[in-house]
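Biologist: Let us go through this model term by term. I will ask what earns each label, and you set the value against the rule.

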Amino acid sequence: MKVLLSWLKEFIPDLDRDPEEIGEKLSALGLAVESMEVVGSELSGVVVGKVLDLRPHPNAERIQLVDVDLGNGEATQICCGAFNMHIGDVIPVATVGSILPDGMEIAQRKLRGEVSNGMCCSASEIGLGDDSDGIMILSENDPDREWDIGGSVSDTLGLESDILWDLEVNANRPDAMSVSGVARDLAASLGLFFEFPMDRTENPKAILEAGIQIEIEDPTLCGRFLVCVMKGINVAPSPQWLQNRLIHLGMRPINNVVDISNYVMLELGQPNHTYDLNKIKGSRLGTRRAKAGERLLTLDDAERTLSEIDGVIVDGDDNPVGIAGIMGGASSEISESTTDIIIEVAWWDPPSISRSVKNLNLMSEASMRFRRGADYGTNMERALNRVVELLSETCEPEISKLLEAKGNLPDTSPVGVSNQRVNGLLGTSLTSEEMMDLLQSIGFESQELISEEEDENSSPNSFKVNVPSWRWDTQTETDLAEEIARTFGYERIDRTIPRGPFTGQLSRFQKGRRTVRQILIGAGCDETMPMPFLAPGDLENAGLSSTAISISNPLVQEESLLRTSLMPGQLKIISYNQSHRIKKLKFFEIGHVYLPSDGGPPLPDEREYLSISIAEGDAAEIVAILDLLSLTMAFPNTQLKQQEIDGLHPGRSAQVFVAGQNRGAVGEVDPRVLRNYGIDGSVAWLELDLGSILTGSFGKKKYKSVSKYPSSDIDLAFEVPVDTSSASIAGCLRKAGGTYLKEIGLFDSYKADAVSEGFRSLAYSLRFQSDEGTLTDTEVSELRAACITEVEKKTNAKLRE
Amino acid sequence: MSDLENLANEAEEASFAASTLENLEQVQAQFLGKKSKLVLAKKALGTLPAEDRANAGKEINEIKGQIEQLISSRKAALQESEWSSKFNKERMDLTERLGPIDRGHLHLITQARDELEDVFIGMGYSVVEGPEVETAWYNFEALNIPDWHPARGNFDTIFVDLGEPEEVMLRSHTSPVQIRTMESQEPPIYIVAPGRTFRTDSADATHLPAFNQIEGLVIDKGITMGDLAGTIDSFVHAFFGEEVKSRLRPSYFPFTEPSAEFDISRSDGSWLELGGCGMVHPNVLRNCNIDPEVWQGFAFGFGIDRLVSMRYQLDDIRELVVNDARFLRQF
């Protein structure tokens, strides 16, 4: 919502504060100032010019030559980049030597060989609104006006220096969607007198019979419906001062009827609508819910199909002529030939309008106010009278009495407030009188309760408050506590710190996850955090099932699916980095995946996965990192089961089992997948269901005493069939070595001519040690023999002599 | 006894002539060894007349002492010179750098999130998490945002194709975690809920459709708005520094009342909006079966990505999701 200082002053006659201070006050009231600017400052040297001729620039396509009359009847040539004017148009021209509000100095220039003696200006260039789309055509809305060619644009447009604030208005402040509502709050916080100046004007005499009927068919939809008929209207441009204000507040002037309707909405927060009386059939306006499939061409020239969610205003034939609270229909729109009008001011049920806005996906200045809850009180009459008053200034119409139909209005019974509860919520120690004064300042009348009334919570109320009609949102004691806090000033509340009974700490899972991160950065992996969206085809390209949950309203197709694996995202990151010639890529990610769940609750089976990827890395490298993780974190019983896995190299992939549960996969990414993602070389890959692992048992480390006796080392090499795993050989060795086998390590693996076809050589070093005494040579030999026997008995491996 | 006197001179010459420790050992054997003249002379003492023995023995011992002294000092000199030549050979230019050992880097979001969590843990809060895909109940209704509420539009929700239309969505704030906690836990409650949140914002220099928030919730007896302001202030000092101030400004959220935005002071005297907060709305407490006549509380929340973006003055917030290694490795 934008407000002008001059407009605020009409409601607060004594407002003489510094604009900066006013801005701070507004922010402190919850009307956050998004911007503040000085508008309408003196435009010396910007004059009214008349377009005499338009010619193409001989050397530039995007520039045309404009001859303007600047008052001396002669043609002054200007080069101009806009093409929206016609010969005869009256436009603002910044003459040579003038300085525009943004500081631009106008000089005589040559553009591609042609002289330019000034600049044709857009509305925003002369500081009137935001419209920078083309040159401002002063004569557009008022072709018949006698223009003072060569005269000052400031004088012609009546521009005066003013301050414009753009305020952010929250959804609970319907009243602040108007200049008067902002003024009321501001006056209260500054302790200044506030008034509605239009209330001092006498209403024009109603001499006309309205001659129409009004009716509310659905009383929950429409709470009040006021109309007035005016005849003898002359549709013409609005007065310039009114146009200027509309432009400053971001609206486009059209004609006096439409402009005044908008002006009153901005001023009093009361959306209103004008109909061409002669286009309303059956001399009747009614309100009802729309019928499913009912159609209406709205003012924005769009055909709308309505449903029972929407409300409509209908004519005597029961045909819609407007969508309740949102937008009028095209059929009864004001046109140049309109002479007789109906002015309507209504109050619509906020939830109904809100649902309708969503249903039709149609937002308007009116609906923005109605859905928050417009004023249902005498401000409606004030607004209607204000429209009549302003229109009467531009022509001399005949006016009818106001007609009113009533539906259901919000409950207006007073709200009880407990002084003790409000202070208990805010941490203040205000007296009831102080609270009542604060509320009074923004129009909430209250009465102190002498005999304490008990409410349903048996907490005694101190006073009762009548909520004003412009605060539909305010219904409870807590709502009023907020108003008290706001007008008291949040900054004046004493700051305290609650001391809870707890010792703050991370959960076991969260600690574990932090440790995993620390281990991985120690292992040289950089943490990545891509967004969890996938494009169609990403999963298939990774060799994975395409089944994934889709987004109903994706911004772009590339972000229309929820990931079921971290792999596509990681491969994209590797591909991106490789394309920027970055080497040594070792990444990890911890993030959610969203697996479609079978039946049950509607939510997906959401899991927290860990992935590690090493570009140019091999399976051994990634298994080493898995071992590092598993040992440091003490994951119970981590086992690999070599098998083919979707997306991975069929000969270099294994499932990872932790505590007997399948918790992920390790290996290298299938080279065909890498090709799909444009990745060179190999990518070693690990993906674990970290969430499940860390919510299970882990981290249990048990003390074992360190033997004091000497140890003996032996090496054993076996010829092992390629389909027999090293894990199974090591298992045999462990079994045979028993408690004496303290360490075991694979130190060599090779295929060579010396090894039989279909076999490889695996060499292990073993360290034996007893906790009871020094092992004798004989004992070590026996252990060695037992190891060999166990391996040869259980597998097809043979000792290499 | 001039033989023996010469011996000392010979030993001096020989030890100076020894250029290595091995040579010196030979010299030592020659002059002090079992077959050295000195040892032989000592053995021959018995053959001397008794009255000469004492003097002769004394002389031998003196000379032996001299020679030992000679050799030991020569040894020290030779050792010194051997070390020095070894050191010369081993000299390295330590400015010939091969670059640091590769280490990994935590993502900036993780770093900030951990730091924020730690501040609140220090204040007695625990950290809770919840699902990123949520139902309308947790994301809106329980938070006092009925379906017609204008505020729903402000959340720019990303819906997913599960259940009824607009029933399941990517959470637009981490507030659903507050609801889940209040449903499952008896007050008092002191928690923070960090995590990923989603809006239909097109990615640009200052917006991402997936970003991170942290929210706090306190439910206890007698919690006031003064407690909220004090807690925010205490957090701001701990995270941004003692000199940074905080302020609350009236605002509106359906799930809190009174509601506020909170700002922090900048060194140039201006204020920067950081997040939203307020006293938990009684309807929210009732929705979680907590009696608002007994329990009161406050909630607050703000964006982690924006915080990171401010702290490191990122010129484009998309850096946080592109995962360019040259970016990740800076921190």
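Modeller: Start with the interface. Chain A and chain B bury about 7100 Å² between them, and carbon and sulfur atoms give 56% of that. Buried area is the accessible area (1.4 Å probe) that two parts lose on being put together, summed over both. Tyr490(A), Arg495(A) and Met529(A) supply 10% of the area that chain A buries against chain B, more than any other three residues.

Biologist: What are the ground rules here?

Modeller: This is a predicted model: local features need pLDDT of at least 70, side-chain atom pairs count only at pLDDT 80 or more, and totals for chains, interfaces and linings use all residues. Residues are numbered from 1 along each chain as its sequence is written, chains are lettered from A and ligands numbered from 1 in the order in which they are written, and side-chain values use heavy atoms, with hydrogens and water left out.

Biologist: How many residues of chain A and chain B are in contact?

Modeller: 85 residues of chain A are in contact with 86 residues of chain B. Contact means heavy atoms within 4.5 Å.

Biologist: What makes Arg514(A) and Glu117(B) a salt bridge?

Modeller: The rule asks for a side-chain nitrogen of Lys or Arg within 4 Å of a carboxyl oxygen of Asp or Glu. In Arg514(A) and Glu117(B) the closest N and O atoms are 2.7 Å apart, so the pair qualifies. The count between chain A and chain B is nine salt bridges. Helix H13 (residues 508-522) of chain A gives the most to the side that touches chain B, with seven residues. Helices (H or I, at least four residues) and strands (E, at least two) are DSSP runs, numbered from the N terminus.

Biologist: How do you know that chain B is not a compact globule?

Modeller: The globule rule is 2.2 Å times the number of residues to the power 0.38, with the radius of gyration taken over C-alpha atoms. For 331 residues that would be near 20 Å, but chain B has 42 Å. Its C-alpha atoms fill a box of roughly 130 × 45 × 45 Å along the principal axes.

Biologist: Why is the bond between Pro187(B) and Pro188(B) called cis?

Modeller: Omega is about 0° there. Pro188(B) sits in the loop between helix H8 (175-184) and strand S5 (189-198) of chain B. Another cis bond joins Glu257(B) and Pro258(B), with omega about -5°. Pro258(B) belongs to strand S8 (residues 256-265) of chain B.

Biologist: What makes Glu166(B) worth a note?

Modeller: Glu166(B) has a positive phi of about 60° although it is not a glycine. Most residues other than glycine have a negative phi, and most peptide bonds are trans.
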